Amino acid sequence: MAALTISFIVGVIGNIISILVFLSPITTFRGIVKKKATENFKGIPYICTLLSTSLWTYYGLLKPDGRLIVTVNGAGAVLQVIYVTLFIIYAPKDSKIKHLKLAGILNVGFYGAVLLITLLATHGSLRLTVVGFICAGLTLGMYGAPLGVMKNVIATKSVEYMPFMLTFFLFLNGGIWSVYSVLVKDFFIGVPNVIGFVLGSVQLIMYIIYNNKSRAKKLSMEKLEEEEGSAHLVQGTVEMGKYNEEMMKERSLNKGWSLPKPTVLRQLSLQKIVKSHSMNVDSLPLSTEDAEDIENQKL
């Protein structure tokens, strides 16, 4: 009786954590509805999760005292139906057709085939075993999906694409359902969730390691930018000081004059220009009339 009570409490905690995991995409879909576009988000994970929760609901209905399995996965299936529907509504035409086909194949075709085969071809414990193996395999796939994210984290050395809360709740979800499986002695619930718990632990460790590295890198970049900004400021101050000094010298030279007094170099340059111009004028050939005027003036 005590073991039954403990397993029930653990199962209720598992229900709460799993529902929080199922609710985590709400923010994503709020943005999709607001923008009326799916952008770069993928709909395949929601279609696969819908299949998984649907089959686990069926498993819970077949299993004696499986009401906690039915409640959490039934709620998850309803949420996944909403997510898949919204995704298909706001997806581009090509993506819409692709996801409709996939949802039809997995959530109607495959799920319907499992129901028909197990109901017609199997009986009793064999039916529960067949459905249990299928559910365990799908759950392993769900926990294995973040492996791609882990690879990306290692390659980029950044946790930008590894949401902490989702990672943390998947870790808790695997751990609590592992404990529940031990208490109720359910192999099909235990194996995938133990593996999920291990993978979740690895993800959390990676998050801590690479989040610290990302933070340190960010701080170093900010410090470098601050130093560069200070250097530019000092350089600008020095240049401004030189400019002000030159202006003061110019004013002291021009003091007492109504017009600015040209410098020696400017005077020499002006004399050269005038002299050159005069030489060029003298060297020009004179017309006949100009020559006669000059001779008359001499006379």
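Exposed means over 50% relative accessible area, buried means under 20%, and partly exposed lies in between. Keep these words in mind for the views below, which all come from a predicted model.

**Figure 1. The whole chain is built from helices, with no strands at all.**
Welcome to the overview, a good place to get your bearings. The chain holds eleven helices and zero strands, so reading from the N terminus according to DSSP runs, the elements go α-α-α-α-α-α-α-α-α-α-α. Of its 299 residues, 31% count as buried. How do the contacts spread along the sequence? Among contacts between residues at least 6 apart in sequence, 76% join residues at least 24 apart.

**Figure 2. K36 sits in a loop and has a positive phi.**
Find helix 2 (26–35) and then helix 3, and look at the loop between them: K36 is there. Is K36 buried or exposed? K36 counts as exposed because its relative accessibility is 58%, which is over the 50% mark. Its backbone deserves a second glance too, since K36 has a phi of about 55°, a positive value, although K36 is not a glycine.

**Figure 3. K185 is another loop residue with a positive phi.**
Now move along to the loop between helix 8 and helix 9, where K185 is found. For K185, phi is positive at about 55°, and K185 is not a glycine either. With a relative accessible area of 72%, K185 is exposed.

**Figure 4. K63 is a buried lysine in a loop.**
This view is centred on K63, in the loop between helix 3 (44–62) and helix 4 (67–90). Why does K63 count as buried? Its relative accessible area is 17%, and buried means under 20%. Which side chain forms a polar contact with that of K63? The partner is D186, and the contact spans 3.1 Å. Leaving aside neighbours within four places in sequence, K63 is in contact with I69, L128 and D186.

**Figure 5. S125 and K63 are 62 residues apart in sequence but 9.0 Å apart in space, C-alpha to C-alpha.**
Stay with K63 and pick out S125, a residue of helix 6. Counting along the sequence, 62 residues separate S125 and K63, while in space their C-alpha atoms are 9.0 Å apart. Their surroundings make a nice contrast: S125 counts as exposed at 59% relative accessibility, whereas K63 is buried.

**Figure 6. F164 of helix 8 is in contact with L204 and Y207.**
Here you can see F164, which lies in helix 8. F164 is partly exposed, because its relative accessible area is 34%, a value between the 20% and 50% limits. Once neighbours within four places in sequence are left aside, F164 is in contact with L204 and Y207. Another residue to find is I208: F164 and I208 are 44 residues apart in sequence, and their C-alpha atoms are 9.7 Å apart in space.

**Figure 7. Two cysteines, C48 and C135, in a structure with zero disulfides.**
A disulfide is a covalent bond between the sulfur atoms of two cysteines. How many disulfides does a search of the whole structure find? The search finds zero. Compare the two cysteines in this view: C48 counts as partly exposed at 37% relative accessibility, while C135 is buried, with a relative accessible area of 1%.

**Figure 8. The largest cavity has about 280 Å³ of space.**
Rolling a probe the size of a water molecule over the atoms shows where empty space is left. There are two cavities of 30 Å³ or more, and about 280 Å³ lies in the largest cavity. That cavity is lined by 18 residues, with S18, W56, N73, N173 and W177 closest to its centre. Two or more lining residues come from each of helix 1 (2–23), helix 3, helix 4, helix 6 (124–144), helix 8 (164–184) and helix 9 (187–253). Helix 3 gives the most, with four residues. By class, the lining of the largest cavity has ten nonpolar, eight polar and no charged residues.

**Figure 9. The largest pocket has about 1300 Å³ of space.**
For the last view, turn to the largest pocket, where 34 residues form the lining and P45, Y46, P163, L166 and L170 lie nearest the centre. Helix 1, helix 3, helix 6 and helix 8 each supply at least two residues of this lining. Which helix gives the largest share? Helix 3 does, with seven residues. The lining of the largest pocket divides into 22 nonpolar, nine polar and three charged residues.

Methods. Residues are numbered from 1 along each chain as its sequence is written. This is a predicted model: local features need pLDDT of at least 70, side-chain atom pairs count only at pLDDT 80 or more; totals for chains, interfaces and linings use all residues. Side-chain values use heavy atoms; hydrogens and water are left out. Buried means under 20% relative accessible area, exposed over 50%, partly exposed in between (1.4 Å probe, protein chains only). A polar contact is a pair of N or O atoms within 3.5 Å; within protein, one must be able to donate a hydrogen and the other to accept it, and residues adjacent in sequence count only if both atoms are side-chain atoms. Contact means heavy atoms within 4.5 Å. A disulfide is a pair of cysteine sulfur atoms within 2.5 Å. On a 1 Å grid over the protein atoms alone, a cavity is a set of points where a 1.4 Å probe fits but cannot get out, and a pocket is an open set with protein on both sides within 12 Å along at least five of seven lines; lining residues have an atom within 4 Å of a point. Grid points are joined across faces, edges and corners, and a volume is the space filled by probe spheres set on the points. Ala, Val, Leu, Ile, Met, Phe, Trp, Tyr, Cys and Pro count as nonpolar, Asp, Glu, Lys and Arg as charged, and the others, Gly among them, as polar.
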